[in-house]
Amino acid sequence: MIKKNLRPVFKEYTMGQIVLLPMDLEEEIEPDHLVRVVNAAIEKMDLSVVYEQYKGGGTSSYHPKMLLKVLIYAYTQQIYSSRKIAKALRENIYFMWLSGNSRPDFHTINRFRGVVVKRTIGEIFAAVLTILVDGGYVKLENYFVDGTKVEANASKYSFVWSKNTKRYKEQVQAKVTELLETIEQVNAAEDAEYGGNDLPERGGKNPLDSAQLEAKINELNERLRQLPETEEIKEAPDGEEPPKGANEANGAENELKPNETAPRQAAKGKKKDDKRKQRHKSKAQQLAQGIQQLAKDYLPRLKKYEAQEVILAGRNSYAKTDHDATFMRMKEDHMRNGQLKAGYNIQMGTEEQYVVGFSVHQRPGDPGCLIPHLKETQQQRSGRHPKRAIADSAYGSEENYAYLEQENIQAFVKYNTFHQETKPRHKPNPFAAEQMPYDEVLDTFTCPNGQSLRYKTTQRHRSDNGYQSTRRVYQCDDCSQCPLKEKCSKAKGNRTIQVSFCLWKMRANARNLLLSEQGTSLRKQRSIDVETVFGRIKQDWGFRRFFLRGLEKVKTEWGLLCIAHNLAKLAVV
């Protein structure tokens, strides 16, 4: 059959066509679409705590249930900007259906997220978690915990380091001390009152803070105002004797010397009075200059460094554009040069790849975050602790083991040498303290050369969380002639070891749990449970930098991401 050149046929296209009946968006939404899952989940939740954030009276507000649905669904679609969410409400039929054709502007959306949701994010997440528990998706028994660092919405180059703040503050305090000593030497009245001692308010050795320095400046100003009255030499009225002692400062030089006439003596006395007034003027100028330098230079700098110490609150750094952010090393460093960036440390626990607990921390290291994380997320799980905690070697500290044991949580937590010990070709190091024979009666260790390491002292340590631990210190008597010295220790003196028998016992218990059949299964599950959630949020959804600033708002943003992840996973189950 020979094909002919036929004319193409197009479907009818008419702009501005009149529709007799209004369009029902319900018919345009697929039955199993994610937006329906979000809608159904929010409808089941008790949002009374959200409603309590609104005051009575005034103009009407957009319904918080609608705003929460829109916000969570936007996060599932990788839309995090309030302006883009407002744009989707005007253009996207899924957002239109979810909002009931309401169109709040970006100010309303941002205010709802930054005020209402910020105050209630914990309760909202707990309500979603209740839905997962009631549906049998999670049992809150296994808790796979891990951490990741997310960049803050802050400048990479505006930072404050605690070491610099401390050094600059000490330099200013040293200059203040030096200047005050100069001022005290200039002022004879102060020397007469205090002698060679230091000022009482300085305590002899302690440096001045800004409040003490400000009080000292006020005192010096008052002294400067009184200086002309106390230092000026008053002349006696005509025909009267000058006050006794008025001219004693001139000494015997003002007495009439032999062969010296009265006019010459008067001229000489007037000259000395002029010199004394000049010295008085010079002293007043020096005092005024010192006070001005204290008030205009040192005092503002000292206040600035004290304010920085308050913001640091024990941290090593903070960003000037987000004071709650701390500079940390990020794995997502494309230059691979170990660049520090302002960020937050996110701790998260999962079960069956659902997020069952999250927290945001300002400290870079993971070990000290586990206990605050478990305490904070306990409220999210309605006061329940999981039966088992599974974590990698970053969390294997004595403090964490002790807390898990106290809370009756099985610790499937690795320690720093677990991987090396479980390798088939692993050979124990005979020079390690754990491999040296220990005599409980004599309380001594024996090194590979047969020398005894005897108990010397006990060192006590206190962590940032308040946990107190002890280390027993043992030392060999003489290692100078030992042929194994180079293999045993690189220190110049005798071999010294620090031992925590409590930690050794905890590691032995953790090793038994990790090597059991259940422990082997949980260790394999951990790598695909919590890491999958991080991969979805950071890689698939592209969330690698927060949009909001401040610790509380960052918690809100990450909480919305966790809720969005749980509902998105629920839609495909």
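In strand β11, the residue bridged to F445 is L453. That pair is a handy way into this predicted model, and the neighbouring pair follows the strands along: T446 has S452 of β11 as its bridge partner. Both pairs belong to the match between β10, residues 444–446, and β11, residues 452–462, two strands that run antiparallel and are held together by three bridges. Five residues sit between the strands of this hairpin, and one of them to look for is G450, with a positive phi near 85°.

On from there, β11 also pairs with β12, which covers residues 468–476; this pairing is antiparallel too, and it counts nine bridges. One place to spot it is R462, which stands opposite Q468 in β12. Here again there is a hairpin with five residues between the strands, and in its turn G466 has a positive phi of about 95°.

Zooming out, these strands sit in an open sheet of five, in the order β9-β10-β11-β12-β13, with antiparallel pairing. The edges are taken by β9 (438–439) and β13 (496–499), each of which pairs on one side only. As a general point, strands of a sheet pair through backbone hydrogen bonds, in either a parallel or an antiparallel way. It is also worth keeping in mind when looking at any such sheet that side chains in a regular strand alternate between the two faces.

What lies across the sheet? Helix α15 does: it lies across β9, β10, β12 and β13, and it runs at about 110° to β12. This helix, residues 501–515, also has a helical partner in α12, residues 398–406; their axes come within 10 Å and cross at roughly 65°. The crossing is left-handed. On the α12 side the contact uses E398, Y401, A402 and E405, and these meet C502, L503, M506, R507 and A510 of α15. Sorted by type, the residues of this contact come out as six nonpolar, three charged and no polar.

M506, in helix α15, is a good residue to follow here. Setting aside residues up to four places away in sequence, M506 touches E398, Y401, A402 and E405. Take E405: it is 101 residues away from M506 in sequence, yet the two C-alpha atoms are 9.2 Å apart in space. Is M506 buried or exposed? It counts as buried because its relative accessible area is 10%, and the cut-off for buried is under 20%.

Another pair of helices, α6 and α17 (residues 551–571), has axes that come within 9 Å and cross at roughly 35°. This crossing is left-handed as well. The contact draws on a long list of residues, including R113, V117, I121, F125 and L132 of α6 and E552, T556, L560, I563 and L570 of α17. By type, the contact of α6 with α17 divides into eleven nonpolar, four polar and five charged residues.

Now for the interior. The largest nonpolar core has 102 residues, and I72, Y344 and W558 have the most contacts inside it. Helix α6, which spans residues 106–134, gives the most to this core, contributing twelve residues. There is also a second, separate core of 16 residues, with V176, I217, L220 and Y305 among them.

Not every buried residue is a nonpolar one. K69 is found in helix α3, residues 64–76. This lysine counts as buried because its relative accessibility is 6%. Which residues is K69 in contact with, leaving aside its neighbours within four places in sequence? They are V38, N39, I42, E43 and L98.

Finally, some totals for the chain as a whole. The protein chain has 17 helices and 13 strands. Of its 573 residues, 41% count as buried. Among contacts with a separation of 6 or more in the protein chain, 65% come from residues 24 or more positions apart.

Notes. Residues numbered from 1 in each chain as written. Predicted model: local features only at pLDDT ≥ 70, side-chain atom pairs only at ≥ 80, totals over all residues. Heavy atoms only, no water. Pairing = 2+ DSSP bridges. Helix = DSSP H or I, 4+ residues; strand = E, 2+ residues; numbered from the N terminus. Axes fitted to C-alpha atoms, helices over the stretch in contact; angles between N-to-C directions. Left-handed = near helix turned anticlockwise from the far one by under 90°. Contact = heavy atoms within 4.5 Å. Nonpolar A, V, L, I, M, F, W, Y, C, P; charged D, E, K, R; others polar. Core = buried A, V, L, I, M, F, W, Y, C linked by side-chain atoms within 4.5 Å. Buried < 20%, exposed > 50% of the residue type's maximum accessible area, 1.4 Å probe, protein only.
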